[in-house]
Amino acid sequence: MGERDLTGRAVADAILADVAAEVQALGEAHWPPKLVSITVGDESAVDVYVRNQRRTAEGVGIAFETRRLPERITQEELRAAIAALNADPQVSGIILQRPVPKHISIKAMQTAIHPLKDVEGMNPASIGNIVYNELELAPCTALAAVEMLKRTGLTLAGLEVVVIGHSEIVGKPIAFLLMSEGATVTVCHHMTRSVSMHSRRADAVFVAVGKPKLVTGDMIKPGAAVIDIGINEVLDDDGKSRVVGDVDYDSVAPVAGWITPVPGGVGPVTVAVLMRNTVVATRRQKAHYEARLGASIA
Ligand SMILES: NC(=O)C1=CN([C@@H]2O[C@H](COP(=O)(O)OP(=O)(O)OC[C@H]3O[C@@H](n4cnc5c(N)ncnc54)[C@H](OP(=O)(O)O)[C@@H]3O)[C@@H](O)[C@H]2O)C=CC1
Ligand SMILES: Nc1nc(=O)c2c([nH]1)NC[C@@H]1CN(c3ccc(C(=O)N[C@@H](CCC(=O)O)C(=O)O)cc3)C=[N+]21
């Protein structure tokens, strides 16, 4: 790792220190936060993420439960499982791990997660709030990636930013968050004629595609910030599996002003933001409950 590395561990730890204090306060108020993760089918690609979630949750005192549902589960069965979690007062947050099998509509399932328990901010209602600059429960990865750019100290207002990838969970929310900060945003995807024509002009480049070495040094303006969101498992020459991003680190690092490494960049911050979102969701549920009682049970 080089001097230009913009690492995520310290950023994540700062977020988690605040979260731990809030978890303790919520526990004392008899609202201990609890997060439930749902994985559908055999998704070994998601296992790293879920393991990190459990370790991080337990580290800050958030109860963590995993549900592994069979590949062949019907959409109605999955909807019923989510509805049961919505109704369970012990559960503060629900995260549905992507991808899900093709016969299940991810949008329908994200819609089934109650907005008060939507810790990933992926219910269409939650996503819609981003358009109105209500960013408290925004998608974790997008928040984490934008937080990394802020750590460079660059002024976001007026910054020329290129986002490569436009998925609903990463690229699109990043573009909205950046617009709300005043950046000038260009979004590239697989139909973009020349990604490098855009990326070479940018002060900051976000990459979320899922292809190792997609972005190379010749595509980056000298001194620009490069935020690598990709998480790809690849096999080394000796057959060992390793996690790499979407950026060709060796050719980009000498050109870029800042670069987030993979692992150790955006990933740990994403998990920390998920914990923060869980606390935000729990606080909202508490407020909602108390408002319905018509009085605070202090
Ligand atoms: N660090 C973290 O916390 C997280 C990391 N990830 C990682 O981020 C990456 C992207 O994830 P996700 O957004 O879910 O993936 P998707 O597969 O949903 O989206 C990929 C996007 O990349 C675009 N794309 C495909 N090929 C190209 C190309 N050659 N040039 C430019 N754009 C292209 C696609 O465009 P189109 O739709 O037009 O084909 C699409 O918008 C993955 O590696 C994933 O593992 C994901 C979530 C969290
Ligand atoms: N609904 C949903 N939301 C997601 O956000 C989501 C998802 N589904 N499906 C899978 C992808 C992938 N993803 C990761 C996030 C952090 C790390 C992470 O913490 N990585 C560490 C450790 C990597 C390692 O151990 O090698 C790092 O980058 O340093 C990994 C992977 C979230 N995703």
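Visitor: Hi! Which residues does Ser167 touch, not counting residues up to four places away in sequence?
Guide: With those sequence neighbours left out, Ser167 touches Lys172 and Pro173. Contact here means heavy atoms within 4.5 Å.

Visitor: What kind of model is this, and how are residues numbered?
Guide: This is a predicted model, where local features need pLDDT of at least 70 and side-chain atom pairs count only at pLDDT 80 or more, while totals for chains, interfaces and linings use all residues. Residues are numbered from 1 along each chain as its sequence is written, chains are lettered from A and ligands numbered from 1 in the order in which they are written, and side-chain values use heavy atoms, leaving out hydrogens and water.

Visitor: Back to Ser167, then. Where does Ser167 sit?
Guide: Ser167 is in the loop between E4 and H7. His166 is found in that loop too, with strand E4 covering 160–164 and helix H7 covering 171–180. Helices (H or I, at least four residues) and strands (E, at least two) are DSSP runs, numbered from the N terminus.

Visitor: Is Ser167 buried or exposed?
Guide: Ser167 is partly exposed, with a relative accessible area of 28%. His166 is also partly exposed, at 34%. Buried means under 20% relative accessible area, exposed means over 50%, and partly exposed is in between (1.4 Å probe, protein chains only).

Visitor: And what does His166 touch?
Guide: Not counting residues up to four places away in sequence, His166 touches Gly171, Lys172, Val187, Cys188 and His189.

Visitor: Which residues does UniProt list for "binding site"?
Guide: The unreviewed UniProt entry lists Gly165, His166, Ser167 and Ile231. The lining of the largest pocket includes Gly165, His166, Ser167 and Ile231. UniProt positions are given in the numbering used here, feature names are shortened, and annotations may be inferred rather than shown by experiment.

Visitor: What counts as a pocket?
Guide: On a 1 Å grid over the protein atoms alone, a pocket is an open set of points where a 1.4 Å probe fits, with protein on both sides within 12 Å along at least five of seven lines; lining residues have an atom within 4 Å of a point.

Visitor: Now the ligands. Which residues come nearest to ligand 1?
Guide: Of the 19 residues around ligand 1, His166, Ser167, His190, Lys211 and Thr270 come nearest. To count, a residue needs a heavy atom within 4 Å of the ligand.

Visitor: Which atoms of Ser167, Thr270 and Ile231 pair with ligand 1?
Guide: A polar side-chain atom of Ser167 lies 2.5 Å from an oxygen atom of ligand 1. For Thr270, a side-chain N or O atom is 2.8 Å from an oxygen atom of ligand 1. From Ile231, a backbone N or O atom lies 3.0 Å from a ligand 1 oxygen atom. A polar contact is a pair of N or O atoms within 3.5 Å; within protein, one must be able to donate a hydrogen and the other to accept it, and residues adjacent in sequence count only if both atoms are side-chain atoms.

Visitor: How many residues surround ligand 2?
Guide: There are 16, and the closest are Asn52, Leu96, Arg98, Glu120 and Gly264. Leu96 places a backbone N or O atom 2.8 Å from a nitrogen atom of ligand 2, and Gly264 has a backbone N or O atom 2.6 Å from an oxygen atom of ligand 2. Tyr49 uses a polar side-chain atom, 3.2 Å from an oxygen atom of ligand 2.

Visitor: Changing topic: how many salt bridges are there in the whole structure?
Guide: A search finds 14. A salt bridge is a side-chain nitrogen of Lys or Arg within 4 Å of a carboxyl oxygen of Asp or Glu. One of them joins the side chains of Glu65 and Lys34 at 2.8 Å, N to O. Glu65 lies in strand E2 (residues 63–69) and Lys34 in strand E1 (residues 34–40), so this pair ties together parts that are 31 residues apart in sequence.

Visitor: Is Lys34 buried or exposed?
Guide: Lys34 is buried, with a relative accessible area of 19%, whereas Glu65 is partly exposed at 24%.

Visitor: Which residues form the salt bridge in helix H3?
Guide: Glu76 and Arg79, with their closest N and O atoms 3.2 Å apart. They are three residues apart in helix H3 (residues 75–87), so about one helical turn separates them. Elsewhere, salt bridges that share partners join Lys34, Glu65 and Arg67 into one network.
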